[in-house]
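Good morning. Please have a look at the chain on the screen, and keep it in view while I talk.

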Amino acid sequence: MLKRLLSSDDEPEPPAVSVPFDALLDVAQSERRRQCLRAVNEHGQLELTDLAEIVAAAEVNTTREHLESQQRKRVYVSLYQTHIAKLDDTGLVRWSQANGTVCATTETEPAVDALDDLADRTTGGA
């Protein structure tokens with residue numbers, strides 16, 4: 001509702017996020033999960049190894065090509081053991097462990113937009 005009040009009449013209303021508010025806030029607590037959502041939203045589908053490289057590069061402010069093996073591995077293990085399952089459980093991504101891919105869902109983009117909007121409206125941003 002706040003977004004509707006602050007937007008001009010020319011802007012279409014963004015799609016609503018159907019993920020429960022508490023679940024979205026839980027996901028938002030981790031910068032690593034937020035980075036995952038942004039990357040999956042941008043690419044649509046990623047191999048977990050590629051997603052781990054994208055997130056690791058963002059964390060250390062470098063390119064994927066300049067990552068050290070240990071940086072890749074640390075993020076990969078964290079995504080595999082914790083973060084991707086949490087994102088999948090909320091419906092924000094679809095994780096196929098069998099083929100190692102993480103895919104966007106209809107909830108991914110609205111969730112990224114909502115989290116980015118919230119970050120823009122708070123001190124410090126994200």
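I will go through confidence, then the sheet, then the helix contacts.

What you see is a predicted model. So how confident is the predictor in the chain? The mean pLDDT of the protein chain is 88, and 85% of its residues reach 70 or more. Where is confidence lowest, and where is it highest? The low end is helix 1, residues 2–6, with a mean of 50. The high end is strand 3, at 98.

Strand 3 is a good place to begin with the sheet. The sheet is open, has three strands, and its order is 1-3-2, with antiparallel pairing. Strand 1 and strand 2 are at the edges and have a single partner strand each, so one side of each has no neighbour in the sheet. From one strand to the next, the twist averages 20 degrees.

Now the two pairings, one at a time. Strand 1 covers residues 45–47 and strand 3 covers residues 101–104; three bridges join them in the antiparallel sense. In that pairing, E47 has T101 of strand 3 as its bridge partner. Strand 2, residues 93–96, is also antiparallel to strand 3, over four bridges. Here V93 stands opposite A104 in strand 3. S96 has T101 as its bridge partner in strand 3. T101 was also the partner of E47, if you want a residue to find on the screen.

Strand 2 and strand 3 form a hairpin with four residues between the strands. Which residue in this hairpin takes a positive phi? That is G100, with phi near 75 degrees.

Next, the helices. Helix 3 lies across strand 1, strand 2 and strand 3, and runs at about 115 degrees to strand 1.

Helix 3, residues 31–43, also meets helix 6, residues 108–120; their axes come within 9 Å and cross at roughly 130 degrees. That angle makes helix 3 oblique to helix 6. The crossing is left-handed. On the helix 3 side the contact has L37, R38 and N41, and on the helix 6 side T108, E109, V112, L115 and D116. By type, these residues are three nonpolar, two polar and three charged.

Helix 3 has another contact, with helix 5. The two pack at an angle of about 80 degrees, and their axes are 10 Å apart. Why call them roughly perpendicular? Because angles of 65 to 115 degrees count as roughly perpendicular, and helix 3 and helix 5 pack at about 80 degrees. From helix 3, the residues are R32, R33, C36 and L37. From helix 5 there are several, among them R74, V75, L79 and L87. The contact divides into six nonpolar, two polar and four charged residues. Note that L37 appears here and also in the contact with helix 6.

The last contact is between helix 4, residues 48–60, and helix 5, residues 69–90. They pack at an angle of about 115 degrees, with axes 8 Å apart. This crossing is right-handed. Helix 4 contributes residues including L48, L51, A52, V55 and V60, and helix 5 contributes residues including V75, Y76, L79, Y80 and I84. Sorted by type, the contact has 11 nonpolar, two polar and four charged residues. V75 and L79 of helix 5 are in this contact, and they are in the contact with helix 3 as well.

That is the end of my part.

Note on methods:
Residues are numbered from 1 along each chain as its sequence is written. This is a predicted model: local features need pLDDT of at least 70, side-chain atom pairs count only at pLDDT 80 or more; totals for chains, interfaces and linings use all residues. Side-chain values use heavy atoms; hydrogens and water are left out. Two strands pair if DSSP finds at least two bridges between them. pLDDT is the predictor's confidence in each residue, from 0 to 100. Axes are lines fitted to C-alpha atoms, for helices over the stretch in contact, and angles run from 0 to 180 degrees between N-to-C directions. Angles under 35 degrees count as roughly parallel, over 145 as roughly antiparallel, 65 to 115 as roughly perpendicular and the rest as oblique. A crossing is left-handed if the near helix is turned anticlockwise from the far one by less than a right angle, and right-handed if clockwise. Contact means heavy atoms within 4.5 Å. Ala, Val, Leu, Ile, Met, Phe, Trp, Tyr, Cys and Pro count as nonpolar, Asp, Glu, Lys and Arg as charged, and the others, Gly among them, as polar.
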